[in-house]
Amino acid sequence: MIAEPLKLKYINIGDRGDIGHERIHLKVVSDCDISLYVLIATKEIAHGRVQAGSRPAFWFTALKVNAGDHLILYTKAGDSYEKVRTDGYTNYFFYWNRSKPLFGDPQARVLVAELNSWEAVGRAT
C-alpha cells in the first residue's frame, strides 16, 4: 500500500497552555472535504512515538476547502465561522469547546489523521 500525502499541512500549535488563545493551525495544500480528517490530542512518549490514551479527538464536519485556505482550531469554546482573506483564500475557524488547554505540556502533540473509510461498531442490541 502506498500512502498519499495528507491534504492538510501542520503549521503550528499556537499559544500553548493559554486557553483563550491556544489553537492548531493547518494549511490546505490540496482541495478536499475536511470531514475526512480527525485531529487527536496526543503525548509524545518517545521520539517519534505518540499515545492518545484518554485524550480527546476533533472530527471536522463536512466542508469542501481549497488549496491555500487555512484551518484554525481553537481549544476554547466558540462558534465556527469563516473569513475571506485579502488574497482571496479563506480562514476557517473551529472550536473544540474545551474548558482547559490541551497542549500546555511540552510533550503534547496533535496527530492529524485522514480517514478514507470507517465504520461505527459496538452498538448495544
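Asp15 is a good place to enter this predicted model: at 40% relative accessibility, Asp15 counts as partly exposed. The class follows because partly exposed covers the range between under 20% and over 50%. Asp15 sits in the loop that links strand 1 (8-14) and strand 2 (23-28). Its backbone stands out too. Asp15 is not a glycine, yet its phi is positive, at about 50 degrees.

Move along the chain to Asn97. This residue is found in the loop between strand 10 and strand 11 (108-114). Asn97 is not a glycine, but it has a positive phi of about 60 degrees. Is Asn97 buried, partly exposed or exposed? With 47% relative accessibility, Asn97 counts as partly exposed.

Now step back to the strands just before that loop. Strand 9 covers residues 81-84, and strand 10 covers residues 90-95. The two run antiparallel, and four bridges join them. Which residue of strand 10 is the bridge partner of Tyr81? That partner is Phe93. Strand 9 and strand 10 form a hairpin, with five residues between them. In the turn lies Gly88, with a positive phi of about 95 degrees.

Next comes strand 4, which spans residues 37-46 and holds Thr42. Thr42 has a relative accessible area of 2%, so it is buried. The cut-off for that class is under 20%. What does Thr42 touch, once its neighbours within four places in sequence are left aside? One set of contacts is Val50, Gln51, Ala52 and Arg55, which are among its partners. Thr42 also contacts Gln107, Ala108, Arg109, Val110 and Leu111.

Strand 11 offers one more stop, at Ala113. Its relative accessibility is 17%, so Ala113 counts as buried. Which residues does Ala113 touch, not counting those up to four places away in sequence? They are Leu36, Tyr37 and Val38. A further pair can be traced from here. Ala113 and Ile34 are 79 residues apart along the chain. Their C-alpha atoms are separated by 11 Å.

A general point helps when viewing the strands. In a regular strand, side chains alternate between the two faces of the sheet.

To retrace the route, start again at the loops. Asp15 and Asn97 each count as partly exposed. Then turn to the strands. Thr42 in strand 4 is buried. Ala113 in strand 11 is buried as well. Finish at the hairpin of strand 9 and strand 10, with Gly88 in its turn.

Note on methods
Residues are numbered from 1 along each chain as its sequence is written. This is a predicted model: local features need pLDDT of at least 70, side-chain atom pairs count only at pLDDT 80 or more; totals for chains, interfaces and linings use all residues. Side-chain values use heavy atoms; hydrogens and water are left out. Two strands pair if DSSP finds at least two bridges between them. Buried means under 20% relative accessible area, exposed over 50%, partly exposed in between (1.4 Å probe, protein chains only). Contact means heavy atoms within 4.5 Å.
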